[in-house]
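Trainee: Got a minute to walk through this one with me? I'd like to go piece by piece.

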Amino acid sequence: MNGIIDSKLFNILLLITIIGEFLLLWILKHFYKGYNSKTMVISVLGSPESPVRKIYNIWLVWLGVFLLGASFLFYKDVNAVSSVLAGFTFISIATFAVGAGILSGLFSVNESKDKVTFASKIHGAGSAFGFMALMFFPLLQGISAFKESDVIKGIFCILAFVLAVMFFSFFIMGDKEKFKGTIFTYEGLWERLSLLLMYMPFLYCAIGNIIA
């Protein structure tokens with residue numbers, strides 16, 4: 001790695017952003033009466049019915065803008081290994097940044113899935129495409145690491161990818177009628193776990209460069 005992506009300032013901001021998201025989710029849920037983080041998706045915190053919607057939606061826009069900038073840095077970094085991997089890495093991060101970050105912050109989903117509006121459709125599409133794109137980020141980072149003979153990072157990222165796919169599958173299954181009443185109904189839990197695993201390469205990068 002070289003340049004800004006190696007700088008302590010960028011990596012501190014990256015670490016604060018990733019940890020801060022989960023910390024913010026934990027804090028905000030205490031101000032939303034009736035919100036259950038195990039069964040309710042994260043997006044509900046930004047719904048029109050949410051008392052913390054402004055804070056959460058502003059956060060999503062910030063997250064999107066920051067990660068969009070980071071996507072260019074990761075592209076430049078991976079490009080030294082493979083231009084193809086670099087291109088897919090950029091698409092993975094940028095799609096999540098725009099779809100699950102900026103667009104989701106500007107267009108809110110409703111608390112009830114039965115209430116569909118133009119805003120909720122934009123949010124739903126952006127969030128879905130964003131999550132599916134970022135899910136491949138650990139895989140891309142793992143392949144890149146193996147190409148650089150960084151076996152530890154490669155194994156770490158590939159494992160994160162496998163687990164992210166598994167938990168994201170649980171999250172999708174939770175919305176199906178035939179799985180009602182099972183552990184798959186903990187949509188909020190599976191969504192958070194899958195997101196955390198998708199973020200693992202960011203954490204690996206940030207911590208590694210901070211302590212280096």
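Mentor: Sure. Let's start with I27, which sits in helix 1, residues 8-28. Keep in mind that this is a predicted model.

Trainee: Okay, is I27 buried, partly exposed or exposed?

Mentor: Look at its relative accessibility, which is 36%. Buried needs under 20% and exposed needs over 50%. I27 falls in between, so it counts as partly exposed.

Trainee: Which residues make the nonpolar surface patch, and what is its area?

Mentor: I27 is one of the residues in that patch. Its partners there are L23, W26 and F31. Together the four make a nonpolar surface patch of about 440 Å².

Trainee: Moving along, how are helix 3 and helix 4 oriented to each other?

Mentor: Helix 3 covers residues 83-106 and helix 4 covers residues 118-134, and their axes come within 7 Å. They cross at roughly 155°, and angles over 145 degrees count as roughly antiparallel. The crossing is left-handed. So the orientation of helix 3 and helix 4 is roughly antiparallel.

Trainee: And helix 6 with helix 7: what handedness does that crossing have?

Mentor: Helix 6 is residues 151-173 and helix 7 is residues 187-198, with axes 8 Å apart and a packing angle of about 160°. That makes helix 6 roughly antiparallel to helix 7. As for the handedness, the crossing of helix 6 past helix 7 is left-handed.

Trainee: What about V81? How far is its C-alpha atom from that of S144?

Mentor: V81 lies in the loop between helix 2 (53-79) and helix 3. It is partly exposed, with a relative accessible area of 26%. Along the chain, V81 and S144 are 63 residues apart. In space, their C-alpha atoms are separated by 6.8 Å.

Trainee: Which residue has a positive phi although it is not a glycine?

Mentor: Check the loop between helix 5 (137-147) and helix 6. The residue there has a phi of about 65°, and its relative accessible area is 62%, so it counts as exposed. The residue you want is S149.

Trainee: Last one: is I152 buried or exposed, and what separates its C-alpha atom from that of G142?

Mentor: I152 lies in helix 6. Its relative accessibility is 65%, and the cut-off for exposed is over 50%, so I152 is exposed. I152 and G142 are ten residues apart along the chain. Their C-alpha atoms are separated by 9.3 Å.

Methods
Residues are numbered from 1 along each chain as its sequence is written. This is a predicted model: local features need pLDDT of at least 70, side-chain atom pairs count only at pLDDT 80 or more; totals for chains, interfaces and linings use all residues. Side-chain values use heavy atoms; hydrogens and water are left out. Patches are made of residues with over 30% relative accessible area and no salt bridge: like charges are joined within 9 Å, nonpolar side chains (Val, Leu, Ile, Met, Phe, Trp, Tyr) within 5 Å. Accessible areas come from the Shrake-Rupley method with a 1.4 Å probe; for residues, only the protein chains shown count as cover. A salt bridge is a side-chain nitrogen of Lys or Arg within 4 Å of a carboxyl oxygen of Asp or Glu. Helices (H or I, at least four residues) and strands (E, at least two) are DSSP runs, numbered from the N terminus. Buried means under 20% relative accessible area, exposed over 50%, partly exposed in between (1.4 Å probe, protein chains only). Axes are lines fitted to C-alpha atoms, for helices over the stretch in contact, and angles run from 0 to 180 degrees between N-to-C directions. Angles under 35 degrees count as roughly parallel, over 145 as roughly antiparallel, 65 to 115 as roughly perpendicular and the rest as oblique. A crossing is left-handed if the near helix is turned anticlockwise from the far one by less than a right angle, and right-handed if clockwise.
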